[in-house]
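Subject: Handover of a structure and notes on its features

Dear colleague,

Please find below the structure that I am handing over to you, together with its sequence. I would be grateful if you could read the notes that follow with the coordinates open.

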Amino acid sequence: MTSLGFYVAKSKCQNVESKELILKQYVSDVVDFSSQYGSDFSISYTAANIIGKPNIYPNYGDFTKAFITRTYGPWWSICPSASQCFLSPLPKGRYVQSQDFIEIQFEEKVSPLRIDIYETYNPGSVVRISAFDASEVKWHELWSGPPQFVKSKARLFSPKISNANFLTNHLFVEFYHKHLSYYSEIDAILLVGTKTDVFSGFTCGREPKVDDVLTSFDLWTLQSSVQASESLLRGNGYFDLLPTEVLHLIFSYLDLISLCKAARVSRLFKKHFYDPVLFSELDLQPYWDKVTIVTLQGLENRCLSLQRLNLSWCGGEGRLTPSSFVQFVNKCGQKLTFLKVSNCSFFE
């Protein structure tokens, strides 16, 4: 599953030229997936078909040896049995709400240089790729983009990735296929990356970025005593003149992370951003890579009027536990009428 190569480049950890080892790996294991067209007892159209080298590409068409999710087009969301959609704003930088995912592993941990996705039928459904950093127990987004309309031919999709200066062998690929007229099929995924400097034998660590330092605090929690500046506490400008209903309408356009950030601005903002009216619906699926036990604890006091909750895809790698979920529902679930927990591993 793994092939090797060498190239000469300046080391990430020393300002010298060094020869680094390139590893090219295909998927060795499927950790989880949201759906597959084939059954668990079949080898046709199942998630396991993504393991190993491509056996369809560059051919194009409907092949049983590919990985296929269950949905395409808008019918899945408009059929009578479909659950009502959440209308929450998407996180910054997202184009659509992902419909499906596949979580995969490779044999060796590498610092990713390139990810190749072999799309062999109706390409254009991949919208986001994340990688797991075990040293920080944290997911990092490597790429996100809008769904694409692509000509009917096999495609080797290699998006330009970023934030990849850490070692990983664990990827999470998200799909969106409402715009497609038929099923999308994936043949294989190739991870290309570097691991160590061959001469010195060291492993390059992840250098801290400005963004990491600025967001090192937990955005989800907010202590009851907000430490706002004296100037903010004296007055709130024209915000004091606006009715509560108007403020809530304005704030409804903010995504969840922006709401949590804005609550730190002033006491007035904190008062409104803790109003249960803003949290009658809580869609945490787009934040699956950020939701932890601390997240639920930080949201408890805001969700006392919670009616609809989507926790799908959340809780992997031990970030949520059954007891943390029970504690949250006991406090915030008295008015709950809708609960979605697809692919929540902490229930297993």
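The notes below go through a pocket, a surface patch, the salt bridges, some backbone features and two contacts. Please bear in mind throughout that this is a predicted model.

**The second largest pocket**

The second largest pocket holds about 800 Å³ of space. Its lining is made up of 29 residues, and those closest to the centre are Trp-76, Ser-98, Gln-99, Gln-285 and Lys-340. Two elements give two or more residues each to this lining, namely α1 (75-78) and β13 (338-340). By class, the lining residues of the second largest pocket divide into 15 polar, nine nonpolar and five charged.

**A nonpolar patch on the surface**

Four residues, Phe-239, Leu-242, Val-246 and Ile-250, form a nonpolar patch on the surface. Taken together, these four have about 290 Å² of accessible area. Val-246 belongs to helix α4, which spans residues 244-251. With a relative accessible area of 34%, Val-246 is partly exposed, because the partly exposed class lies between the limits of 20% and 50%.

**Salt bridges**

Side chains of opposite charge can pair when their charged atoms come close. In this model there are 11 salt bridges, and three of them are described here.

- Arg-114 and Asp-116 are joined through their side chains, with an N to O distance of 3.0 Å. Arg-114 is partly exposed at 33% relative accessibility, whereas Asp-116 is buried at 3%.
- Lys-290 pairs with Asp-289, and their closest N and O atoms are 3.6 Å apart. Lys-290 has a relative accessible area of 36% and is therefore partly exposed, while Asp-289, at 7%, counts as buried.
- Arg-319 and Glu-317 meet at 2.7 Å, N to O. Here Arg-319 is buried, with a relative accessible area of 9%, and Glu-317 is partly exposed, with 32%.

Some of the salt bridges share partners, and in this way Arg-94, Arg-128, Glu-141, Glu-174, Asp-289 and Lys-290 are joined into one network. The pair of Lys-290 and Asp-289 described above thus belongs to that network.

**Backbone features**

Which peptide bond deserves a look for its cis geometry? The bond from Tyr-57 to Pro-58 is cis, with omega near 10 degrees. Pro-58 sits in the loop between β3 (29-33) and β4 (67-68).

The loop between β3 and β4 also contains Tyr-45. Although Tyr-45 is not a glycine, its phi is positive, at about 60 degrees. Is Tyr-45 buried or exposed? Its relative accessibility is 16%, so Tyr-45 counts as buried.

Asn-163 likewise has a positive phi without being a glycine, with a value of about 55 degrees. Asn-163 is placed in the loop between β8 and β9 (168-175). In contrast to the buried Tyr-45, Asn-163 is partly exposed, with a relative accessible area of 32%.

**Two contacts between sequence-separated residues**

Tyr-253 lies in the loop between α4 and α5 (256-262). This residue is exposed, with a relative accessible area of 64%, a value over the 50% limit for that class. How far is the C-alpha atom of Tyr-253 from that of Pro-89? The two C-alpha atoms are separated by 6.3 Å, although Tyr-253 and Pro-89 are 164 residues apart along the chain.

The second pair is Gln-148 and Val-126, which are 22 residues apart in sequence. Their C-alpha atoms are 8.2 Å apart in space. Gln-148 has its place in the loop between β7 (138-144) and β8 (155-157). Its relative accessibility is 25%, and Gln-148 therefore counts as partly exposed.

**Where to look**

When you open the model, you may wish to begin with the residues closest to the centre of the second largest pocket, among them Trp-76 and Lys-340. The salt-bridge network that includes Arg-94 and Glu-174 could come next, followed by the cis bond from Tyr-57 to Pro-58.

With kind regards

Technical notes
Residues are numbered from 1 along each chain as its sequence is written. This is a predicted model: local features need pLDDT of at least 70, side-chain atom pairs count only at pLDDT 80 or more; totals for chains, interfaces and linings use all residues. Side-chain values use heavy atoms; hydrogens and water are left out. On a 1 Å grid over the protein atoms alone, a cavity is a set of points where a 1.4 Å probe fits but cannot get out, and a pocket is an open set with protein on both sides within 12 Å along at least five of seven lines; lining residues have an atom within 4 Å of a point. Grid points are joined across faces, edges and corners, and a volume is the space filled by probe spheres set on the points. Helices (H or I, at least four residues) and strands (E, at least two) are DSSP runs, numbered from the N terminus. Ala, Val, Leu, Ile, Met, Phe, Trp, Tyr, Cys and Pro count as nonpolar, Asp, Glu, Lys and Arg as charged, and the others, Gly among them, as polar. Patches are made of residues with over 30% relative accessible area and no salt bridge: like charges are joined within 9 Å, nonpolar side chains (Val, Leu, Ile, Met, Phe, Trp, Tyr) within 5 Å. Accessible areas come from the Shrake-Rupley method with a 1.4 Å probe; for residues, only the protein chains shown count as cover. Buried means under 20% relative accessible area, exposed over 50%, partly exposed in between (1.4 Å probe, protein chains only).
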